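Q: Could you take me through a close look at how helices pack against each other here? I'm new to this, so please explain the terms as you go.

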Amino acid sequence: MKIPKAILFDLGGVLCELRGEAHMLKLLGGSQTREQMWRTWLASPAVRAHESGQLSEMEFAKQVVVEFALDIAPEAYLIAFRDWIIGPFPGALDLLSQTKERYQTALLSNIGCAHWPSVEAMDLLPRVHHAFPSFKLGAVKPDQQYFQRALNAMNLSLEEAIFFDDNQINCDGAAAFGIASYCTRGVEETRGKLVELGLL
């Protein structure tokens with residue numbers, strides 16, 4: 001493969017541990033598999049509006065509870081939702097520091113204003129060249145518009161980037177757009193793929 005100029009990392013599930021997936025699956029009471037939940041989540045009008053910066057936290061919580069038919073008050077849902085991010089996986093900071101020395105690097109994350117302060121409080125952002133939270137970019141993965149805006153901001157063509165995400169749907173979206181994409185979960189799996197590709 002052609003050596004890329006840039007490595008694009010998803011945040012949650014690749015670099016950071018989340019409790020959100022387990023929380024949603026529990027609230028759904030076994031009615032959906034992980035893959036079904038993610039497909040529903042990524043297609044949700046409320047999620048897409050919130051993560052693209054168009055919907056307030058409380059209005060988002062109200063709409064999600066209705067959309068997913070959750071047996072929880074919006075206020076309680078929002079409290080739990082704000083606590084979805086646990087923190088960086090072991091080795092995440094080292095991986096970012098190592099890749100930043102050799103490539104342009106960026107964080108690509110579907111994330112709303114409720115979670116971004118938690119990310120800013122970590123030591124992740126100084127270790128990448130760019131960060132593209134969806135609520136600031138005004139678009140969400142796996143939409144082509146999201147990837148195009150990120151690449152434009154980095155002054156990159158499609159073939160100059162490689163993308164890692166723990167969600168196959170997002171990888172499929174990036175690949176359909178023309179970005180080399182790999183579905184990996186956690187730091188060790190991502191590092192292993194980078195080594196396998198000869199990039200580390």
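A: Let's start with one pair: helix α6 (residues 92–100) and helix α11 (residues 186–196) pack at an angle of about 25°, with their axes 10 Å apart. Because angles under 35 degrees count as roughly parallel, α6 is roughly parallel to α11. Axes here are lines fitted to C-alpha atoms, for helices over the stretch in contact, and angles run from 0 to 180 degrees between N-to-C directions. Helices are DSSP runs (H or I, at least four residues), numbered from the N terminus.

This is a predicted model, in which local features need pLDDT of at least 70 and side-chain atom pairs count only at pLDDT 80 or more, while totals for chains, interfaces and linings use all residues. Residues are numbered from 1 along each chain as its sequence is written, and side-chain values use heavy atoms, with hydrogens and water left out.

Now for the way they cross: α6 passes α11 in a left-handed crossing, meaning that the near helix is turned anticlockwise from the far one by less than a right angle. On the α6 side, A92, D94, L95, Q98 and T99 make the contact, and on the α11 side V187, T190, R191 and L194 do; contact means heavy atoms within 4.5 Å. Sorted by class, this contact of α6 with α11 has 4 nonpolar, 3 polar and 2 charged residues. Ala, Val, Leu, Ile, Met, Phe, Trp, Tyr, Cys and Pro count as nonpolar, Asp, Glu, Lys and Arg as charged, and the others, Gly among them, as polar.

Technical notes: Helices (H or I, at least four residues) and strands (E, at least two) are DSSP runs, numbered from the N terminus. Angles under 35 degrees count as roughly parallel, over 145 as roughly antiparallel, 65 to 115 as roughly perpendicular and the rest as oblique.
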